[in-house]
Amino acid sequence: MTVTEIPTRRITTAKAMAEAIALEMRADPDVFVMGEDVGPYGGIFGSTTDLFDEFGADRVIDTPISETGFIGAGIGAAIEGLRPVVELMFVDFYGVCMDQISNHMAKIHYESGGAVKVPMVLMAAAGAGYSDGAQHSQCLWGTFAHLPGIKVVVPSNPYDAKGLMTSAIRDDNPVLFLFHKGAQGLVWMKKNPRSIADVPEEAFTVAIGEAALAREGTDVTIVTLSLSVQHSLDVAEQLEAEGISVEIVDLRSLVPLDRDTVLDSVAKTGRLLVVDEDYESFGLTGEIAAVVAETDPTMLKKPLRRLAVPDVPIPYARTLEYGILPTREKIAAAVKDLMA
Amino acid sequence: MAMGSASTVPVVDVATAGLRASIDPAGHRPKEENMNSPNRLDLYRGMVRIRRYESRILQEYHADKKPAWDIGAGLIPGEMHLAAGQEPTAVGVCAHLEKGDAITAPHRPHHFALAHGVDMNAMTAEIYGRTTGLCRGKGGHMHLFDPGNHFSCSGIIAEGYPVACGQALAFKRRGTDRVAVAVAGEGAANQGAFHESLNLAALWNLPVVFVIEDNDWAISVPRSRSTATASNADRAAGYGIPGVRVEDNEVEVVFEAAGAAVERARSGEGPSLIEIHTLRLWGHFEGDAQAYRGADLETVDERDPIPRYATALLESGDLTEDRILTIAAEADAEVDAAIAFAVDSPVPAPEDALLSVFA
Ligand SMILES: Cc1ncc(C[n+]2csc(CCOP(=O)(O)OP(=O)(O)O)c2C)c(N)n1
């Protein structure tokens, strides 16, 4: 019997995204890319690396700084059957184009009674940690997840980024694909080695709406996503040496939310820490708490803990910024607290 | 300054006409009647001061990001957009401003901040993220706020335009003759906020001067691939306000164009727009390899406006070689002192992050 090896190689999250887009573009002429600096530059965070060289200016379109215009144009093109992959450079810039996103991209399918489809991907960089200040460091996924009608995907590693991007492009719904700058594997930013990993060369999908057990454990469940998964994995390795067994649920998407995987894990460990780099109030951490509380609060041996950005804008100076971010140290302390 | 219209856009081109050329092709404003005739030495000094500042920040920014370049590392972390090459814009415009006039600047703000009198020490300390900074370390280089000088920035493209309109509205309602200047790049002129602001300012006859710094590039996207019109003066015409495009990156030409616009705003005649064809001498942000820039990059040094102005002033006798050295040395001393002040200032305590969310 011969075992067929699936060819993989180690690539960054950014490269994995670009590769998924390229494979879909080769397979489907309706797929095209537009956004600021997605052309020869390859995307400020590498999400469109090499696409311009292969597909040219017709299918990889540099836009003016007109987010309402080109995101709206993406919606229109999607309605007519194309499959646009549109980049909003930083998710923080949502403010200038939110009407197209929330009142159009998200609602058209529903408003039309299901008659109109909007099969587009809106991708945007998120996250803090390198002193980019209050207007370039937010996560904001909770803001979008709150609005019915948008799938919200947030990968934590190269494999998922590729598989989720492929699924997002093939999805008949609008998908917001938020990638953390600190998990892109960029050469010019401090990175966790987990931002470079084995990824199959061929196209494959990761189903949107299925969380992953990033690590199995028995004492404490950490429910998290994005870069915080990488931090949590580091912490779990460190705490294992201290005799604490941590299970990590990587949500991978907020909408749809994989409640079952969260509940199964909490039922097993009885202790829950929710880690989120988004703002604390009215967001993901509260949502996960509600899922547990509504199902069976007696699963918890101890009150759950939330670790998120306290409700302040992201400050510039490093001491201030790291004062409010969910760092490894704070994650470890919260886990130990739950075990105390 | 003539009223712009789609067919007759006043275009200033002094490349052939020399530095002292009248900026108004319609001939409305002879030089002698200009409210403030330029102090050439001040203009030169102002530009050198900015250039020395940007050059030292450039050095300091990169100094501790080695060997593996990391944008978040070092004494000055984060994005860094420097304005070398664009000094004529800030110096030419701000020469007409008074204390109390407002400026909204974009992500590339240092030149306008310095030219408008923002304290160099406090601004530098902010860039270093210190408690003595303009914003106590919360803002950073893209978010410099100096209420005393009515100076603010936004890192969101074009979003300073509406704010300038609001400041102008306040100045007008209070019966003052203050002026608000909205500054942004040519890339920003494709954003809705720009167009909405031009209309508002025209409709309400607000004392605003819209300044567009056309440095040919919006990150990697050249103007030709972002903008359907050759001149934003055309767009001003579309909103019924005067617009000029200053084709040359010369401080005295900017000075003259800005003089007319500021005077118009100050005397209650309403808004106008100046687009200046300037130069981005360096990368969009530090760390930008500029591979996209091609042949454009080969001639940037020749187009540097400061040596050119120095040469012109040497020829006209307004400047001597000795003076050039003293001006540079004075600028260096001021900048070094500001950097020393910043470096010696305390770093904010982590818990201070929780302060100032509400008044
Ligand atoms: C709304 C918004 N979109 C995109 C960006 C990202 N961005 C920052 S600077 C820039 C280019 C700006 O070009 P221009 O206005 O010409 O100014 P320049 O950088 O050339 O001074 C872009 C696209 C942003 N900050 N805000």
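Here are three short exercises on a predicted model, each with a worked solution.

Before you start: residues count from 1 along each chain as its sequence is written, while chains are lettered from A and ligands numbered from 1 in the order in which they are written. Local features need pLDDT of at least 70, side-chain atom pairs count only at pLDDT 80 or more, totals for chains, interfaces and linings use all residues, and side-chain values use heavy atoms, with hydrogens and water left out.

**Exercise 1.** Work out where the ligand lies and which residues are closest.

Solution. Start with the chains: the ligand lies between A and B. Next, look around it: 22 residues surround the ligand (each with a heavy atom within 4 Å of it), and the closest are A:Glu67, B:His107, B:Arg108, B:Gly155 and B:Trp217.

**Exercise 2.** Find polar partners of the ligand's nitrogen and oxygen atoms (pairs of N or O atoms within 3.5 Å).

Solution. Take nitrogen first. One ligand nitrogen is 2.5 Å from an N or O atom in the A:Glu67 side chain. A backbone N or O atom of B:Gly155 is 2.7 Å from a ligand nitrogen. Now oxygen: a polar backbone atom of B:Gly187 lies 2.9 Å from a ligand oxygen.

**Exercise 3.** Describe how chain A meets chain B.

Solution. Count the contacts (heavy atoms within 4.5 Å): 38 residues of chain A touch 47 residues of chain B. Then check the buried area (accessible area, 1.4 Å probe, that two parts lose on being put together, summed over both): it's about 3,100 Å², with 61% from carbon and sulfur atoms. Finally, on chain A's side, A:Ile65, A:Tyr316 and A:Leu320 lose the most area to chain B, together 23% of what that side buries.

Methods. Polar contact = N/O pair within 3.5 Å; in protein donor to acceptor, adjacent residues only side chain to side chain.
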